[in-house]
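Open the model in your viewer and keep the sequence panel beside it. The stops below go from single residues to the whole chain.

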Amino acid sequence: MEKFPVLRLITKYGTAGSMVLAVLVAVFVLVLTWPFWGLASLIPSVVLALLAFVVGKSYVELVVLITDMLMPQ
């Protein structure tokens, strides 16, 4: 793994990065939709944040799976 620092970074901090991305998506959607929808903008912000987390976490799991299969320990 020493030759692939990005893969090491993704496997080590990927889940935390997915959480940060989900929070940023939620805040971004709230900022964009709050003036128009008010309190109802919480629903799409939470849904899109969950979607961003699932997509990010699945990417991390794919990278972990590939590195476990192809990289010798």
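A residue is called buried under 20% relative accessible area, exposed over 50%, and partly exposed in between. The model is predicted.

**Stop 1: phenylalanine 53.** Select phenylalanine 53, which lies in helix H2. Is phenylalanine 53 buried, exposed or partly exposed? Its relative accessibility is 26%, so phenylalanine 53 counts as partly exposed. Now show what touches this residue. Apart from neighbours within four places in sequence, phenylalanine 53 is in contact with Thr15, Ser18, Met19 and Ala22. Then pick leucine 7 and draw a C-alpha to C-alpha distance: leucine 7 and phenylalanine 53 are 46 residues apart in sequence and 19 Å apart in space.

**Stop 2: helix H2.** Extend the selection to residues 42–70, which are helix H2. The end C-alpha atoms of H2 are 42 Å apart, which agrees with the 42 Å that its 29 residues should span at 1.5 Å a residue. Which residues of H2 are buried? Colour Ser45, Ala49, Ala52, Gly56, Val60, Val63 and Thr67; these are the buried residues of H2. An α-helix has 3.6 residues a turn, so residues three or four places apart point the same way. What covers the buried residues of H2 includes H1.

**Stop 3: helix H1.** Select residues 5–37, which make up helix H1. Centre the view on tyrosine 13, where H1 bends by about 65°. Next, colour the buried residues of H1: Ile10, Gly14, Ser18, Ala22, Ala26, Val29 and Thr33. These buried residues pack against helix H2. Two of the names have come up before, as Ser18 and Ala22 are among the contacts of phenylalanine 53.

**Stop 4: glycine 38.** Move on to glycine 38, which follows H1. The phi of glycine 38 is positive, near 70°.

**Stop 5: the whole chain.** Clear the selection and zoom out. The secondary structure of the protein chain comes to 2 helices and 0 strands. With a radius of gyration of 16 Å, well over the 11 Å that the globule rule gives for 73 residues, the chain is more spread out than a compact globule. Along the principal axes, its C-alpha atoms fill a box of roughly 55 × 15 × 10 Å. Of the 73 residues, 23% count as buried. Among contacts with a separation of 6 or more, 62% are between residues 24 or more positions apart. Last, switch on the surface: the accessible surface comes to about 5,600 Å², and carbon and sulfur atoms hold 80% of that area.

Conventions. Residues are numbered from 1 along each chain as its sequence is written. This is a predicted model: local features need pLDDT of at least 70, side-chain atom pairs count only at pLDDT 80 or more; totals for chains, interfaces and linings use all residues. Side-chain values use heavy atoms; hydrogens and water are left out. Helices (H or I, at least four residues) and strands (E, at least two) are DSSP runs, numbered from the N terminus. The radius of gyration is taken over C-alpha atoms; the globule rule is 2.2 Å times the number of residues to the power 0.38. Buried means under 20% relative accessible area, exposed over 50%, partly exposed in between (1.4 Å probe, protein chains only). Contact means heavy atoms within 4.5 Å. Accessible areas come from the Shrake-Rupley method with a 1.4 Å probe; for residues, only the protein chains shown count as cover. The bend at a residue is the angle between axes fitted to the seven residues ending there and the seven starting there. The expected span of a helix is 1.5 Å times one less than its number of residues.
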